[in-house]
Amino acid sequence: MELLELIRNRRSIRKYTGEAIDDEKMHKILTAGLLAPTSRNRKPCEFHIVQDKRLLFQMACAKSAGGMMLKDCDKAIVVCADSDTWLEDCSIAMSFMMLEAQEEGVACCWVQLYLREEADETVARMLGLGKKMHLCGALALGVGNEEKNPHSFEEADFSKVFTH
């Protein structure tokens, strides 16, 4: 699929059937994250796959809002790093994985952990991450149980583009 079409069709899906994601598709999604550009190509990002339903439920409950889809997804990939550019590097990796998930027909939704102190600390403790590790977010993945219309090209608001 052409990249702009892929971007137009990608939507955040928060309802899942509970079916498992094919291992080959997961491998491709993770490969996209691992190959994502990072500052000075240092590749500081770590990808923690959470598939234990008990842990997914605990992650969902760790956020006061915006994380309940984690309890029903098949897997979540928690993305974190310890570097001075961790937020940028992790965000790019998560974006690349979202696009690959779309390409593979896997539904996904970005669950923010950054600036969600209680959720950040809970998830870091659950995964046994050190205090230096910064959590960006979790990518909920699964077989979608909802459909959303693609974005339209008219939604691209060029009034927000400035030439200097």
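In which loop does N41 lie? I shall answer that shortly, after a word on what is before us. The structure above is a predicted model, and every value I quote has been computed from it.

To the question, then. N41 lies in the loop between helix 2, residues 23-35, and strand 1, residues 46-50. The backbone of N41 has a positive phi of about 55 degrees, although N41 is not a glycine. With a relative accessibility of 53%, N41 counts as exposed, because the cut-off for that word is over 50%.

Let me now step back to the whole chain. The protein chain contains five helices and four strands. Along the sequence they follow the pattern α-α-β-α-β-α-β-α-β. The radius of gyration is 16 Å, close to the 15 Å that the globule rule gives for 164 residues, so the chain is as compact as a globular protein of that length. Along the principal axes, the C-alpha atoms fill a box of roughly 45 × 40 × 30 Å.

How much of the protein chain is made up of buried residues? The figure is 42% of the 164 residues. The accessible surface comes to about 9600 Å², and carbon and sulfur atoms account for 52% of it. As for contacts, consider those with a separation of 6 or more: residues 24 or more positions apart account for 80% of them. The chain carries 21 positive and 26 negative charges, and the mean positions of the two sets are 4 Å apart.

I turn next to strand 1, where V50 lies. V50 has a relative accessibility of 2%, which means that it counts as buried. Leaving aside residues up to four places away in sequence, V50 touches L55, L56, M59, D74, K75, A76, V78 and L127. A residue that V50 does not approach in this way is F158: the two are 108 residues apart along the chain, and their C-alpha atoms are separated by 39 Å.

Our next stop is helix 4, residues 86-104. Which kind of aromatic pair do W86 and Y114 form? A search of the whole structure finds one aromatic pair. The rings of W86 and Y114 form that pair, and the arrangement is edge-to-face, with 5.2 Å centre to centre and 75 degrees between the planes. W86 lies in helix 4 and Y114 in the loop between strand 3 and helix 5, so the pair ties together parts that are 28 residues apart in sequence. The two partners can also be described by their accessibility. W86 is buried, with a relative accessible area of 12%, whereas Y114 counts as partly exposed at 29%.

Helix 4 also holds E103, which counts as partly exposed at 39% relative accessibility. E103 and N9 are 94 residues apart in sequence, yet their C-alpha atoms are 9.7 Å apart in space.

Returning to the loop of Y114, we find L115 there as well, between strand 3, residues 107-112, and helix 5, residues 117-127. L115 has a positive phi, near 70 degrees, and is a residue other than glycine. At 62% relative accessibility, L115 counts as exposed.

That brings us to helix 5. Which residues of helix 5 are buried? They are A119, D120, T122, V123 and A124. A general point about helices is useful here. An α-helix has 3.6 residues a turn, so residues three or four places apart point the same way. The cover over the buried residues of helix 5 includes helix 3, residues 53-62, strand 2, residues 75-81, and strand 4, residues 134-142.

Just after helix 5 comes G128, with a positive phi of about 70 degrees. Further along, K131 is found in the loop between helix 5 and strand 4. K131 counts as exposed, at 85% relative accessibility. The C-alpha atoms of K131 and E121 are separated by 9.1 Å, and the two residues are 10 apart along the chain.

To close, I return to two of these places. N41, with its positive phi, sits in the loop between helix 2 and strand 1, and V50, in strand 1, is buried. Thank you for your attention.

Technical notes
Residues numbered from 1 in each chain as written. Predicted model: local features only at pLDDT ≥ 70, side-chain atom pairs only at ≥ 80, totals over all residues. Heavy atoms only, no water. Helix = DSSP H or I, 4+ residues; strand = E, 2+ residues; numbered from the N terminus. Rg over C-alpha atoms; globule rule 2.2 N^0.38 Å. Buried < 20%, exposed > 50% of the residue type's maximum accessible area, 1.4 Å probe, protein only. Contact = heavy atoms within 4.5 Å. Areas by Shrake-Rupley, 256 points an atom, 1.4 Å probe, with all protein chains shown as cover. Lys, Arg positive; Asp, Glu negative; His and termini not counted. Charge placed at Lys NZ, Arg CZ, Asp CG, Glu CD. Phe/Tyr/Trp six-rings, centres within 6.5 Å; stacked < 30°, edge-to-face > 60°.
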